Amino acid sequence: MAHELNIAKGQPALRRNVSLDTDEIWQARVDLAACLRMAARLGLEEGICNHFSAIVPGHPDLFIVNRLGWAFQEANASSLLICDFEGNVVAGDGVPEATAFFIHARLHKMVPRVGAAFHTHMPNATALSMVEGEPLVWAGQTALKFYGRVAVDEAYNGLALDESEGDRIASVLGDKDILFMKNHGVMVCAPNIAEAWDDLYYLERASEVQLKAMSTGRRLLPVSPEVAAQAAQQMREGDPESARMHLESIRRVLDRQEPQYRD
C-alpha cells in the first residue's frame, strides 16, 4: 500500500549552506522517534503506511518525517528525513512515502500554525471515521479534551498522490486541530511534537471508550454543551504542560527499554 515518491536528494541542503545538526534539531528527531516507537507499542500504526511529521526548529520551510518502508517500531532519530516543501530530501537516507509528502508538506505549508502533524489509521478513531454522523459523542470526559477542536473531511477522495489533495485536506482542517478523515483515518495537528503526541494518545482512548459504550446498544448520554465547553477550556489551560510531561514519560520508558530510538 505504500507509494514511493520520485524526489531529488542532497542538493538543496548544499544550497542552504546552513547546519541541520544543531542540538535543538537533534532533540526534535529524538522526540519524533520516541512518538513513533510508542505509537507502535500501542498499536496505533498500520504497517509501514502511517506518518508523523514536525517542522524543523529554526527552519519553517522544512519538516522531519519518517522514511518509506520502515515500521514505526524501527524508527530512530537518525533514520528520520528532513524534507522541503518542494519534494527534496535535504537530510537523511531514504525517501518519504508519497502520501506522507503530499499530505504533510502541503499541510505545513498551507497551515503554518501546525508544528507537528500525526496521521494514523489507529483502529478506534478510524472506526469512528467509518460511521455516519459526527465521530465523537461528547459523553466521556476524555472526549471533552477535543470539544470545539474537531473537523470532519466528508469527501474521501482516494490516496493523496498530488498537491491538490494535500491542499484540500489542509483547507478542510481550517482552524481545527483534529481531522477525522471519513473512510480513511485521522490527522492530529498541534503546535509541537509533545502536544501532537498527547492529543493522538487521548483521541484514541476517547474513541475506544465511546465504541465500548456504543456496543452496549444503550443510548449514550452526552453532557450539555455548556459543561462540555467549560471542561474543554479547563483542559486546554493545562494541556501544554501536561503534554510536555507526557512526552518526557515515554522517553523515560524507552530509555530503559528501547534506548536505540535515540541513535
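## Close-up views of a predicted model

**View 1. The buried residues of H3 pack against strand S1 (51-56), strand S2 (59-65), strand S3 (81-84), S5, helix H6 (163-173) and strand S8 (185-190).** The packing is counted through contacts, that is, heavy atoms within 4.5 Å. Helices (H or I, at least four residues) and strands (E, at least two) are DSSP runs, numbered from the N terminus. This is a predicted model: local features need pLDDT of at least 70 and side-chain atom pairs count only at pLDDT 80 or more, while totals for chains, interfaces and linings use all residues. Residues are numbered from 1 along each chain as its sequence is written, and side-chain values use heavy atoms, with hydrogens and water left out. Helix H3 (residues 98-110) is mostly covered, with eleven of its 13 residues buried. Buried means under 20% relative accessible area, exposed means over 50%, and partly exposed lies in between (1.4 Å probe, protein chains only). The buried residues of H3 are Ala98, Thr99, Ala100, Phe101, Phe102, Ile103, His104, Ala105, Arg106, Leu107 and His108. The expected span of a helix is 1.5 Å times one less than its number of residues. For H3 this gives 18 Å, and the end C-alpha atoms are 18 Å apart, which agrees.

**View 2. Histidine 119 sits in strand S5 (residues 116-120).** Is histidine 119 buried or exposed? Its relative accessibility is 2%, so histidine 119 counts as buried. Its side chain makes a polar contact with the side chain of histidine 184, at 3.3 Å. A polar contact is a pair of N or O atoms within 3.5 Å; within protein, one must be able to donate a hydrogen and the other to accept it, and residues adjacent in sequence count only if both atoms are side-chain atoms. A polar atom of the histidine 119 side chain also lies 2.9 Å from the backbone oxygen of valine 186. Beyond its neighbours within four places in sequence, histidine 119 is in contact with Asn50, His51, Phe52, His104, Met181, His184, Val186 and Met187.

**View 3. The structure holds eight aromatic pairs.** In one of them, tryptophan 197 and tyrosine 201 are tilted, with 6.5 Å from centre to centre and 35° between the planes. Rings of Phe, Tyr and Trp (its six-membered ring) pair if their centres lie within 6.5 Å; planes under 30 degrees apart count as stacked, over 60 as edge-to-face and the rest as tilted. Both residues belong to helix H7 (residues 193-215), four residues apart, about one turn of the helix. Tryptophan 197 is buried at 0% relative accessibility, whereas tyrosine 201 is partly exposed at 24%. Elsewhere, Phe63, Phe85, Phe101 and Phe102 form one aromatic cluster.

**View 4. Cysteine 35 and cysteine 189 have their sulfur atoms 14 Å apart.** How many disulfides are there, if a disulfide is a pair of cysteine sulfur atoms within 2.5 Å? The count comes to zero disulfides. Cysteine 35 is in no disulfide, and the nearest cysteine sulfur to its own is that of cysteine 189. The distance of 14 Å is too far for a bond. Cysteine 35 is buried with a relative accessible area of 0%, and cysteine 189 is buried with 1%.

**View 5. Glutamate 86 is in the loop between S3 and strand S4 (89-91).** With a relative accessible area of 57%, glutamate 86 is exposed. Apart from neighbours within four places in sequence, its contacts are Phe101 and Lys109. Glutamate 86 and methionine 187 are separated by 101 residues in sequence and by 21 Å in space, C-alpha to C-alpha.

**View 6. Helix H2 (residues 23-41) has 19 residues, 14 of them buried.** Its end C-alpha atoms are 27 Å apart, which agrees with an expected span of 27 Å. Glycine 43, just after H2, takes a positive phi of about 70°. Another positive phi, of about 65°, is found at asparagine 183, although asparagine 183 is not a glycine. Asparagine 183 is placed in the loop between strand S7 (178-181) and S8.

**View 7. UniProt, in an unreviewed entry, places the feature "domain: Class II aldolase/adducin N-terminal" at residues 30-211.** UniProt positions are given in the numbering used here, feature names are shortened, and annotations may be inferred rather than shown by experiment. Over residues 30-211 the chain is 36% helix and 21% strand, with the end C-alpha atoms 33 Å apart.

How values were computed: A disulfide is a pair of cysteine sulfur atoms within 2.5 Å.
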